[in-house]
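Biologist: I'd like to go through this one with you, starting with a single side chain and working outwards. Could you put it up so that we can both see it?

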Amino acid sequence: MATETPPPASSGIPLPSTEEFAEVQQSAEFGELRRAHRSFAFPLTVAFIAWYLLYVLLSNYADGFMGTKIAGNINVALVLGLAQFLTTFLIAWWYARHAAAELDPKAEAIKSRMEGGA
């Protein structure tokens with residue numbers, strides 16, 4: 001098994017050097033891109049994990065509450081379990097919108113500059 005990834009096929013665009021990558025990594029522009037990603041992803045990840053753990057803890061220790069009937073055979077546990085799926089899809093959709101509006105333009109600007117187009 002190879003320990004290094006081979007370079008991509010030549011597309012006519014010169015590849016930046018290691019020093020150029022390091023320079024971009026230290027730039028304020030890259031720092032802003034990283035900050036924009038982290039300020040969105042980290043709090044949302046913590047909130048979702050807390051929400052998931054709450055569901056697990058309620059399922060284990062609050063049998064009476066989770067077994068409370070809402071309508072027919074639908075109880076609180078089923079509603080909260082389905083809400084887990086709903087929040088997963090909502091977070092993915094929200095992140096896709098955030099990435100398209102905030103992250104992608106910044107990343108494209110950095111990429112263009114590194115490829116010599118800006």
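**A buried glutamine and its surroundings**

Modeller: Gln 84 counts as buried, because its relative accessibility is 8% and the cut-off for buried is under 20%. Please keep in mind throughout that this is a predicted model.

Biologist: Okay, and which helix is Gln 84 in?

Modeller: Gln 84 has its place in helix H4, which runs over residues 76–114.

Biologist: What does Gln 84 touch, if we skip residues up to four places away in sequence?

Modeller: With those left out, Gln 84 touches Phe 48, Trp 51, Tyr 52 and Tyr 55.

Biologist: Switching to Thr 87, what does that one touch, with the same kind of residues skipped?

Modeller: Thr 87, which is also found in helix H4, touches Phe 48 and Trp 51 when residues up to four places away in sequence are not counted. Its relative accessible area is 22%, so Thr 87 is partly exposed.

Biologist: And how far apart are the C-alpha atoms of Thr 87 and Glu 32?

Modeller: Those C-alpha atoms are separated by 28 Å, and the two residues are 55 residues apart along the chain.

Biologist: New topic, then: how many aromatic pairs does the structure hold?

Modeller: The structure holds two aromatic pairs. In one of them, the rings of Phe 40 and Trp 94 have centres 5.1 Å apart and planes at 80°, and the pair is therefore edge-to-face, since the class begins at over 60 degrees. Phe 40 lies in helix H2 (residues 28–61) and Trp 94 in helix H4, so this pair ties together parts that are 54 residues apart in sequence.

Biologist: Are those two buried or partly exposed?

Modeller: Phe 40 counts as buried at 12% relative accessibility, whereas Trp 94, at 44%, counts as partly exposed.

Biologist: What about Phe 40 and Tyr 95, what kind of pair do they form?

Modeller: Phe 40 and Tyr 95 form a tilted pair, with 5.8 Å from centre to centre and 45° between the planes. This pair also links distant parts of the chain, with Phe 40 in helix H2 and Tyr 95 in helix H4, 55 residues apart. Tyr 95 has a relative accessible area of 31% and is partly exposed, and Phe 40, Trp 94 and Tyr 95 form one aromatic cluster.

Biologist: Which residues make up the largest nonpolar core?

Modeller: That core has seven residues, namely Val 24, Leu 33, Ala 36, Ala 99, Leu 103, Ile 110 and Met 114. H2 and H4 each supply at least two of its residues, and H4 gives the most, with four. As general background, nonpolar side chains in soluble globular proteins tend to be buried together.

Biologist: What is Val 24 in contact with, leaving aside its neighbours within four places in sequence?

Modeller: Val 24 is then in contact with Phe 30, Ile 110, Arg 113 and Met 114.

Biologist: Last thing, at what angle do helix H1 and H4 pack?

Modeller: Helix H1, which covers residues 18–26, packs with H4 at an angle of about 150°, with the axes 11 Å apart, and the crossing is right-handed. The contact is made by Glu 20, Phe 21 and Val 24 on the H1 side and by Ile 110, Arg 113 and Met 114 on the H4 side. By type, the residues of this contact divide into four nonpolar, two charged and no polar.

Conventions: Residues are numbered from 1 along each chain as its sequence is written. This is a predicted model: local features need pLDDT of at least 70, side-chain atom pairs count only at pLDDT 80 or more; totals for chains, interfaces and linings use all residues. Side-chain values use heavy atoms; hydrogens and water are left out. Rings of Phe, Tyr and Trp (its six-membered ring) pair if their centres lie within 6.5 Å; planes under 30 degrees apart count as stacked, over 60 as edge-to-face and the rest as tilted. Buried means under 20% relative accessible area, exposed over 50%, partly exposed in between (1.4 Å probe, protein chains only). A nonpolar core is a set of buried Ala, Val, Leu, Ile, Met, Phe, Trp, Tyr and Cys residues joined through side-chain atoms within 4.5 Å. Contact means heavy atoms within 4.5 Å. Axes are lines fitted to C-alpha atoms, for helices over the stretch in contact, and angles run from 0 to 180 degrees between N-to-C directions. A crossing is left-handed if the near helix is turned anticlockwise from the far one by less than a right angle, and right-handed if clockwise. Ala, Val, Leu, Ile, Met, Phe, Trp, Tyr, Cys and Pro count as nonpolar, Asp, Glu, Lys and Arg as charged, and the others, Gly among them, as polar.
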